[in-house]
Amino acid sequence: MTLLVARRVGEGVVLASDSRELRGEQGERTSRSTRKIYEARPGFLFAWAGYTNVHQAFILELQRRQGLSPALDRLGIERHLDDSVAAIRDRGVTDYGEFFLAWWSPIERKTIARRFTTGGTGEYVEDWGEAGDREPIQIARVIHGTLAYIPAAALTVEQAKILTLKVVRDSIAIGGESIGGAVQLGAVGADGVSVAGAPELRVLHDTLDLWEAQSAELLPGGVQVPVDSPTPDRGLRPPG
């Protein structure tokens with residue numbers, strides 16, 4: 001199983017995933033780490049879920065496309081994606097695959113992210129998106145919902161990395177066998193594509209640990225809590 005998530009903010013897009021690949025039938029499964037997020041070709045951040053053979057066939061087709069560039073408009077890039085799917089279907093690759101592709105568009109002066117499948121469906125990520133298997137997606141949606149009080153429009157890419165890491169890390173902790181391994185993460189902005197290596201991921205995990213520890217200090221018995229909170233009252237507090 002796989003979990004992919006996409007977080008769109010004003011400065012760019014962050015993609016994150018688990019890294020576990022399960023093979024074999026129930027009771028005889030083997031697990032290994034696999035790369036699910038990477039720069040598929042210059043300027044394009046790619047993430048995949050589904051069958052390995054579909055991913056391999058699709059990415060080989062995508063990498064040999066002539067003229068595919070972030071400088072194209074959306075319709076031009078969509079045509080390349082559709083033609084790549086059609087090409088692997090013609091070669092007999094009929095299993096299911098689900099993908100994210102993100103790039104900085106010099107035409108629109110912003111980062112664009114598209115979720116699409118080998119079944120012919122596709123949509124652009126406006127705020128938040130998921131792909132992969134149903135169970136981890138449902139877990140991720142609940143965790144993401146608990147962070148809805150943080151306005152996405154005000155986030156930087158670096159802040160979005162922390163929140164996206166939290167969603168995937170917590171989903172892995174809850175998801176049991178369904179997903180697992182280390183979190184993978186990449187981002188796209190005006191300065192291009194970046195895929196987080198081990199040193200950056202350690203910093204992101206440490207920052208997330210610190211944030212969660214400071215949040216725990218606000219629980220009763222910790223730091224002094226202000227009587228009059230400036231947080232907008234959504235009708236959940238008892239009358240004073």
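Which helix and which strand do the buried residues of H5 pack against? In this predicted model, the buried residues of H5 pack against helix H4, which covers residues 157-175, and against strand S11, which covers residues 184-189. The points below look at helix H5, then at an open sheet of five strands, and finally at the surroundings of the residue Asp-18 in a loop.

**Helix H5**

- Helix H5 runs over residues 198-217, and because a helix is expected to advance 1.5 Å a residue, its 20 residues should span 28 Å, which agrees with the 29 Å that separates its end C-alpha atoms.
- The residues of H5 that are buried are Leu-201, Leu-204 and Leu-208.
- These buried residues cover an arc of only 60 degrees around the axis, and therefore they lie on the same side of H5.
- The other side of H5 carries the exposed residues Pro-199, Arg-202, Val-203 and Asp-206.

**The five-stranded sheet**

- The strands of this open sheet follow the order S10-S1-S2-S11-S12, and their pairing is antiparallel.
- Strand S10 (128-132) and strand S12 (192-195) stand at the edges, where each has a single partner strand, so one side of each is left without a neighbour in the sheet.
- From one strand to the next, the twist of the sheet averages 15 degrees.
- Strand S1, made of residues 3-9, pairs with S10 in the antiparallel sense over five bridges, and Val-5 stands opposite Glu-130 in S10.
- Helix H3, which consists of residues 134-145, lies across S1 and S10 and runs at about 160 degrees to S10.

**Asp-18 and its surroundings**

- Asp-18 is found in the loop that lies between strand S2 (12-17) and strand S3 (20-23).
- Is Asp-18 buried or exposed? Its relative accessibility is 0%, and because a residue counts as buried when this value is under 20%, Asp-18 counts as buried.
- The side chain of Asp-18 reaches two backbone nitrogens, namely that of Leu-3 at 3.1 Å and that of Gly-180 at 3.3 Å.
- When residues up to four places away in sequence are not counted, the residues that Asp-18 touches include Met-1, Thr-2 and Lys-36, together with Val-168, Ile-172, Ala-182 and Gln-184.

Methods
Residues numbered from 1 in each chain as written. Predicted model: local features only at pLDDT ≥ 70, side-chain atom pairs only at ≥ 80, totals over all residues. Heavy atoms only, no water. Helix = DSSP H or I, 4+ residues; strand = E, 2+ residues; numbered from the N terminus. Expected span 1.5 Å × (residues − 1). Buried < 20%, exposed > 50% of the residue type's maximum accessible area, 1.4 Å probe, protein only. Arc of directions from axis to C-beta. Contact = heavy atoms within 4.5 Å. Pairing = 2+ DSSP bridges. Axes fitted to C-alpha atoms, helices over the stretch in contact; angles between N-to-C directions. Polar contact = N/O pair within 3.5 Å; in protein donor to acceptor, adjacent residues only side chain to side chain.
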